[in-house]
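User: Please take a close look at the salt bridges in this model. Set them in the context of the fold, and keep it brisk.

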Amino acid sequence: MTCSVCRRAQEDGFRKFRCRGIETVEACHTGEVPKLIRENEPFWFLFQRMLPGLFDGYGGVNFTAIFQVLDLYKVPAGQRPIIHDKCLVVIAAVREIQEQERIKHGK
């Protein structure tokens, strides 16, 4: 769920509150959209650029996508291990959600 989907639901009358987006409130009214702390905004920018090449069609992770983006955006050497670790955390969270969905749907 993203704020744009929620705003559309508000406009269509499916949500009975008004919110201009997660960046304008302390916490999401529905709990569906996590608030990104300012410290992680540069990481999230880079991670979004990694996403198209990060996951392959077989459920695997293409770690070269991480390094390619770090090279492309000339991320300093001292920042690379930190960004890599944050990527691993997000990848683990994605896998956890995938596993929960697999169990939920009996696959």
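**Fold and salt bridges**

Analyst: The protein has 4 helices and 0 strands. The model is predicted. From the N terminus on, the elements run α-α-α-α. The radius of gyration is 17 Å, well over the 13 Å that the globule rule gives for 107 residues, so the protein is more spread out than a compact globule. The C-alpha trace spans about 45 × 40 × 20 Å along its principal axes. Of the 107 residues, 25% count as buried. Among contacts between residues at least 6 apart in sequence, 36% join residues at least 24 apart. The protein exposes about 8,000 Å². Carbon and sulfur atoms supply 58% of that area.

Now the salt bridges. The structure holds 5 of them. Three are described here, including the pair Arg15 and Glu32.

Take Arg15 and Glu32 to begin. Their side chains meet in a salt bridge, with N to O at 3.1 Å. This pair links distant parts of the chain, with the partners 17 residues apart. Both Arg15 and Glu32 sit in the loop between α1 and α2. What about cover? Arg15 counts as buried because its relative accessibility is 19%, and the cut-off for buried is under 20%. Glu32 has 36% relative accessibility, so Glu32 counts as partly exposed. The bridge therefore pairs a buried arginine with a partly exposed glutamate.

Next come Arg38 and Glu41. Arg38 forms a salt bridge with Glu41, and the closest N and O atoms are 3.8 Å apart. A salt bridge here requires that nitrogen and oxygen lie within 4 Å. Arg38 is exposed, at 66% relative accessibility. Glu41 is partly exposed, at 36%. Helix α2 covers residues 41–54.

Then Arg102 and Glu99. Their side chains meet with N to O at 2.4 Å. Both residues lie in helix α4, which covers residues 80–104. Arg102 and Glu99 are 3 residues apart, so about one helical turn separates them. Arg102 is partly exposed, at 38% relative accessibility. Glu99 is also partly exposed, at 33%.

What lies before the loop that holds Arg15 and Glu32? Helix α1 covers residues 3–11. Its buried residues are Cys3, Cys6, Ala9 and Gln10. Seen down the axis of α1, these buried residues fall within an arc of 120°, so they line one face of the helix. On the other side of α1, Arg8 and Glu11 are exposed. Gly13 follows α1, and its phi is positive, near 90°.

One more feature belongs to the surface. Phe45, Leu72 and Tyr73 make a nonpolar patch of about 300 Å². Phe45 has its place in helix α2. At 37% relative accessibility, Phe45 counts as partly exposed. Helix α2 thus gives one residue of that patch, Phe45.

To recap the pairs:

- Arg15 and Glu32: 3.1 Å, N to O; 17 residues apart, in the loop between α1 and α2.
- Arg38 and Glu41: 3.8 Å between the closest N and O atoms.
- Arg102 and Glu99: 2.4 Å, N to O; 3 residues apart in helix α4.

Terms used. Residues are numbered from 1 along each chain as its sequence is written. This is a predicted model: local features need pLDDT of at least 70, side-chain atom pairs count only at pLDDT 80 or more; totals for chains, interfaces and linings use all residues. Side-chain values use heavy atoms; hydrogens and water are left out. Patches are made of residues with over 30% relative accessible area and no salt bridge: like charges are joined within 9 Å, nonpolar side chains (Val, Leu, Ile, Met, Phe, Trp, Tyr) within 5 Å. Accessible areas come from the Shrake-Rupley method with a 1.4 Å probe; for residues, only the protein chains shown count as cover. Helices (H or I, at least four residues) and strands (E, at least two) are DSSP runs, numbered from the N terminus. Buried means under 20% relative accessible area, exposed over 50%, partly exposed in between (1.4 Å probe, protein chains only). The arc is that of the directions from the helix axis to the C-beta atoms. The radius of gyration is taken over C-alpha atoms; the globule rule is 2.2 Å times the number of residues to the power 0.38. Contact means heavy atoms within 4.5 Å.
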